[in-house]
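Hi,

Here is the structure I said I would pass on. Have a look at it first, and then read my notes below.

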Amino acid sequence: MKPVVPVLTALAVAGAFATVVHAQSPDRQIKYRQAALATMGYHFFGVLAPMAKGERPYDAAAAARSAKYVSEVSAMPWEGFGPGTDAGAPTKAKPEIWKDKARFDKLAQDMQIETAKLAKAAGTDLASLRTAVSATAKACTNCHDDFRAK
Ligand code: HEC
């Protein structure tokens, strides 16, 4: 019955590793979520909103590309808001997030519905981009107003 011990050891190691992957340190989660949010902001506030406002010429291909990035990245920040990540690295996340996580998660979901629409609309024409940008901006603000410090 010799192989039993190595097998159990391997399972224990795999189990420990899985735990580490699941809950990374508060510092890493905070930096991770900020990086994802900053990436979204780069394409949303830096490319799409200026096009919608006429501060930058409308370019269907560039709009479609940025909107696709915003939509894909909009799924990412949320796993960086794990328990205990209200403090660690400097953060603007308000402690209210963890007191009303269900509402926070719902606002994150609602925003992803708008970014999916944005990804479809952005490359169509300027009027469609404008409509989708303003709906998405509202979905960003709905959360920032209550859950992000100024
Ligand atoms: C469900 C809530 C929620 C939604 C929806 C949301 N945000 Fe945020 N956002 C936050 C929180 C909380 C922070 C502060 C994170 C921190 O400092 O740890 C933040 C921070 C940011 C930052 C600053 C990142 C940095 O640290 O450099 C940008 C840029 C940003 N959000 C853009 C957006 C955009 C664009 C949208 C909409 C497409 C959006 N956010 C939607 C909650 C949200």
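**What I found**

Cysteine 140 counts as buried because its relative accessible area is 13%, and the cut-off for buried is under 20%. Before you go further, keep in mind that this is a predicted model. Cysteine 143 is also buried, with a relative accessibility of 12%. If you were wondering about disulfides, a search of the whole structure finds zero of them.

**The overall build**

How many helices and strands does the protein have? There are six helices and zero strands, so if you read along from the N terminus the elements simply go α-α-α-α-α-α. The protein has 150 residues, and buried ones make up 31% of them. On contacts, I looked at pairs with a separation of 6 or more: 75% of those contacts in the protein are between residues 24 or more positions apart.

**The iron and the pocket**

This is probably the part you will want to open in your viewer. Which residue donates to the iron atom of the ligand? The only protein donor is His144, through NE2, at 2.1 Å. Histidine 144 sits in helix H6, which covers residues 126-147.

The largest pocket comes out at a volume of about 530 Å³. It is lined by 26 residues, and the closest of them to its centre are Leu37, Trp78, Phe81, His144 and Arg148. So His144 turns up twice: as the iron's only protein donor and in that central group of the lining. By element, helix H2 (26-52), H5 and H6 each give two or more residues to the lining of the largest pocket. H2 has the largest share, with seven residues. By type, the lining of the largest pocket splits into 17 nonpolar, six polar and three charged residues.

**H5 and H6**

Alanine 139 is another residue in helix H6. Is alanine 139 buried or exposed? Its relative accessibility is 7%, so it counts as buried. Setting aside neighbours within four places in sequence, alanine 139 is in contact with Met111 and Glu114. Alanine 139 and methionine 111 are 28 residues apart in sequence, but C-alpha to C-alpha they are 5.0 Å apart in space.

Over in helix H5 (residues 101-121) you will find threonine 115. With a relative accessibility of 1%, threonine 115 counts as buried. What does threonine 115 touch? Not counting residues up to four places away in sequence, the answer is Val70, Ser71, Ser74 and Thr136.

Alanine 122 is in the loop between H5 and H6. A loop residue could go either way, so I checked: alanine 122 is buried, because its relative accessible area is 0%. Beyond its neighbours within four places in sequence, alanine 122 is in contact with Tyr58, Ala63, Ala64, Ala67 and Leu129. The C-alpha atoms of alanine 122 and alanine 61 are separated by 8.7 Å, with their positions 61 residues apart along the chain.

**H2 and H3**

Methionine 51 belongs to helix H2, the element with the largest share of the pocket lining. Methionine 51 is buried, as its relative accessible area is 1%. Leaving out residues up to four places away in sequence, methionine 51 touches Arg56, Pro57, Tyr58, Asp59, Ala62, Ala63, Leu126 and Leu129. Tyr58, Ala63 and Leu129 also appear among the contacts of alanine 122. Methionine 51 and alanine 62 are 11 residues apart in sequence, and C-alpha to C-alpha they are 9.9 Å apart.

Finally, tyrosine 69 is in helix H3, residues 60-73. Tyrosine 69 is partly exposed, because its relative accessible area of 31% falls between the 20% and 50% cut-offs. The C-alpha atoms of tyrosine 69 and threonine 39 are separated by 8.4 Å, for a gap of 30 residues along the chain.

**Where to look first**

If you have time for one thing, start at His144, whose NE2 is at 2.1 Å from the iron atom of the ligand. Then move to alanine 139 in H6 and its contacts, Met111 and Glu114.

Cheers

Definitions and conventions:
Residues are numbered from 1 along each chain as its sequence is written. This is a predicted model: local features need pLDDT of at least 70, side-chain atom pairs count only at pLDDT 80 or more; totals for chains, interfaces and linings use all residues. Side-chain values use heavy atoms; hydrogens and water are left out. A disulfide is a pair of cysteine sulfur atoms within 2.5 Å. Buried means under 20% relative accessible area, exposed over 50%, partly exposed in between (1.4 Å probe, protein chains only). Helices (H or I, at least four residues) and strands (E, at least two) are DSSP runs, numbered from the N terminus. Contact means heavy atoms within 4.5 Å. Donors are N, O and S atoms within 2.8 Å of the metal (3.2 Å for Na, K and Ca); water is not among the atoms, so sites may look incomplete. On a 1 Å grid over the protein atoms alone, a cavity is a set of points where a 1.4 Å probe fits but cannot get out, and a pocket is an open set with protein on both sides within 12 Å along at least five of seven lines; lining residues have an atom within 4 Å of a point. Grid points are joined across faces, edges and corners, and a volume is the space filled by probe spheres set on the points. Ala, Val, Leu, Ile, Met, Phe, Trp, Tyr, Cys and Pro count as nonpolar, Asp, Glu, Lys and Arg as charged, and the others, Gly among them, as polar.
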